[in-house]
Amino acid sequence: MERNVVELLENAARLYKDKTAVRDTSGECSFAELCRNAKAIGSALTEHDIFGDAIPVYMEKGIVALEVFWGITYAGGSYSLLNPVQPANRIEKILEVLDAPVVITDGEHLPALKEMRHSAKILMAEDLLKAKIQEDKLNVVKNKAIDTDALYVNFTSGSTGTPKGVVVSHRAVIEFIHYFVEIFGITSEDIIGNQAPFDFDVSVKDIYSMLLTGATLYIIPKDYFAFPKKILDVLEAEKITTLIWAVSALCVITTLKSFSYKVPTSVNKVLFSGEVMPVNHLREWMRVLPDAMFVNLYGPTEITCNCTYYIIDRTLNEDKIPIGKAFPNERVFLLDEGQNEVVEPKVEGEICVAGSTLGLGYFRDREKTEAAFVQNPLNDKNNEQIYRTGDIAFYREDGNLVYVGRRDFQIKHMGHRIEMGEIEACMNEIEGVERVCCLYDEDKQEIVAFYQGTAEKLAIKKALRGKLIKYVIPERYVTVETMPLTPNGKIDRKLLRQSYLEQK
C-alpha cells in the first residue's frame, strides 16, 4: 500500500495520463497535468522549508486548490483549506492556531487576506504554478516521508470559541479510501459530483476516490445549491454517476420538489452523511432512482470520514435508518457510563472507535487530544488508542447500530458538527448581551439562543454575521429575565429546554 498520497497521484498520472481528472464550470485538468502542476508548486515550496508544517490555503474549492494541496504534500507539509465564506474573525483565529510560515492564496482572494491579522508570508498560487520542477528536491522530501505524517488539518467548531484543528494522516486516508471504493464499487468509469466544501471531510471521499480509481471529479459550484434546478441540470448534463453528499444537500432538492423538473438518470450511487436522513426525503430519492444504491455513512472528522456504513434495502420499511456496521480494519463498539462494553440489543452506549484510521489528534491542543483520544478501557494488556465520539447509539437485533443523539451539547445541524460553546462565546462578546445559552430544537431543526440583556435581536444577528459561519448563526432568539441555574451555579440547560418546550 502507498505511504503517501503523492504516490496515488503519480500512479493515477501514469495509469490515466490524459484522462480528465477534474472538471468544473471554468475548465478541466488531466491526471498528468494535476501531477505536473503539483510538482511545480511543491518545488517552489521546498524553498520555504515547510516540512512538518500545516499550511493554510485561502481560496475557493477547485482545480487549483487540489494542485496546491498536493504541492504542499510534495514539499513535506500538510494542508488546511480556509474557506473564504467564513468570517474574517474565524479565519484569523485559525491562522493564529496554525502559526504557519506561509499562507497560499490566489488573486481573487488576496485583498481579503491582506486585511486580516496574521504573520505568515503570503504566496500566490499563480506564481507557484510557474516554478520549475526540481525532482531532486522533491525526492529528498519523499524519502523522508512516512505514512503517519499529517496530510490535512480540518477545523471544526471549538467549545471555547477557538476552532479545533483535526489532524489526519496519509495512512488513515489511504487505508480508508481503498476499502471505500472497493465496497461501493467506484471505478474509473464513474463521474463523481462534488458537493462538499474542501474544508469539510465529506470532500475527502470525492477527492481520493478520484485519485485512487481514475474516476472523474466534477466540482459543482457552491452557489448552485441555492437553485436545485441548476444542480439537476449539471447532474444530467455531466452524466454524474456518484453522489457523496451531506444529507442537507440531498434534502434541498426534495424539499422544493425539484424532481418534477428533471431526474438525473445517470446517478447510480447515492452516499450520504453528516446528520440523520429524514426517511420521507430518502424515499423520494429512491422512488426517482429505482436502480441506484443508497448508503448511510456515519463518522466524525476525528476518525477519517466514516467508521460505519449501511447499504439501504430497497423496501425501506424502517422509520430510523441504521448507521450500520464498521468498515474493515476499524473496531466500533459501545461503552456504558461504567466503561463496560454494551453488547445487548436496544441498550444505549457511547460510540467508540479504534483502528489505524483514527486522526492524529487536535492541532496544538494536547489537552483536548488526550481527553478524546484515550486508552481503550477494555484493554489492560497493551496500548490501544480509541476515539470517544460523544455520540449515543444502540444495536438492533441484526447487529446494526442505530444512532440516537449527542452525549453533550455538541449538535449536528445542516450536515455540520457545531459546538454550542462557540456560538455562546461569540454572543457574549456583543454589547448588551449578559449571559447566553444555546439549545437545539430537533423538531424544527433550529438553533435557539437564549440570552439575558438589552441587546436587540436583529443587532445580535447582524453582529454574529461577522463572527460565525452562516449555518452556525442561531435561527431563533429568546430573551429571558434570568437564566435557571443548577446548584453549583451553572446554567440549567435541562430546565431551560423544558420551559421552552412548554411555551412552544
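A crossing of two helices is called left-handed if the near helix is turned anticlockwise from the far one by less than a right angle. With that convention in hand, the predicted model can be read from its N-terminal helices onward. In this model, helix H1 (residues 5–15) passes helix H2 (residues 31–45) in just such a left-handed crossing. The two axes come within 7 Å and cross at roughly 140°, and H1 and H2 are therefore oblique to each other. On the H1 side the meeting residues are Leu9, Glu10, Ala12 and Ala13, and on the H2 side they are Phe31, Ala32, Leu34, Cys35, Ala38 and Lys39. The residues of this contact divide into 8 nonpolar and 2 charged, with no polar ones.

H1 also packs against helix H3 (residues 63–74), with axes that come within 9 Å and cross at roughly 120°. H1 and H3 are therefore oblique to each other, and their crossing is left-handed. Val5, Val6, Leu9 and Glu10 of H1 make this contact with Trp70, Thr73 and Tyr74 of H3. By class, the residues of the contact of H1 with H3 comprise 5 nonpolar, 1 polar and 1 charged. For the reader tracing H1 on screen, Leu9 and Glu10 are worth picking out, as they appear in the contact with H2 and again in the contact with H3. It helps to recall that an α-helix has 3.6 residues a turn, so residues three or four places apart point the same way.

Attention turns next to helix H4 (residues 88–98). Its buried residues are Arg90, Ile91, Glu92, Ile94, Leu95, Val97 and Leu98. The elements that cover them include strand E3 (54–58), strand E4 (78–82), strand E5 (102–105), helix H5 (110–114), E7 and H14. Just after H4, aspartate 99 adopts a positive phi of about 50°.

Strand E7 (residues 150–156), one of the elements covering H4, is itself mostly covered, with 6 of its 7 residues buried. E7 runs antiparallel to strand E8 (residues 164–169), and 6 bridges join the pair. Within this pairing, phenylalanine 155 stands opposite glycine 165 in E8.

Two loop residues offer a pleasant contrast. Which residues does isoleucine 186 contact, leaving aside its neighbours within four places in sequence? They are Phe180, Val181, Ile192, Ser209, Thr213, Ile244 and Lys269. Isoleucine 186 is found in the loop between helix H8 (170–184) and strand E9 (191–194). At 4% relative accessibility it counts as buried, because the cut-off for burial is under 20%. Its C-alpha atom is separated by 8.2 Å from that of threonine 242, although the two residues are 56 residues apart along the chain. Lysine 130, by comparison, lies in the loop between helix H6 (125–128) and helix H7 (135–144). With a relative accessibility of 67%, lysine 130 counts as exposed, the cut-off here being over 50%. Lysine 130 and asparagine 37 are 93 residues apart in sequence, with 8.6 Å between their C-alpha atoms.

Further along the chain, strand E23 (residues 410–413) and strand E24 (residues 416–419) run antiparallel and are joined by 4 bridges. Together E23 and E24 form a hairpin with 2 residues between them, and methionine 414 in the turn has a positive phi of about 55°. Histidine 413 has histidine 416 in E24 as its bridge partner.

The last region considered is an open sheet of 3 strands in the order E25-E26-E27, with mixed pairing. Strand E25 (433–441) and strand E27 (476–479) stand at the edges with a single partner strand each, so one side of each is left without a neighbour in the sheet. On average, neighbouring strands of this sheet are turned by 25° against each other, direction ignored. E25 and strand E26 (residues 446–453) run antiparallel and are joined by 8 bridges, and cysteine 437 stands opposite phenylalanine 450 in E26.

Helices lie across these strands as well. Helix H14 (residues 420–427) lies across E25, E26 and E27 and runs at about 155° to E25. Helix H15 (residues 457–465) also lies across E25, E26 and E27, running at about 130° to E27. H14 thereby links two parts of this description, being among the elements that cover the buried residues of H4 as well as lying across the strands of the sheet.

Notes:
Residues numbered from 1 in each chain as written. Predicted model: local features only at pLDDT ≥ 70, side-chain atom pairs only at ≥ 80, totals over all residues. Heavy atoms only, no water. Axes fitted to C-alpha atoms, helices over the stretch in contact; angles between N-to-C directions. Parallel < 35°, antiparallel > 145°, perpendicular 65-115°, else oblique. Contact = heavy atoms within 4.5 Å. Nonpolar A, V, L, I, M, F, W, Y, C, P; charged D, E, K, R; others polar. Buried < 20%, exposed > 50% of the residue type's maximum accessible area, 1.4 Å probe, protein only. Pairing = 2+ DSSP bridges.
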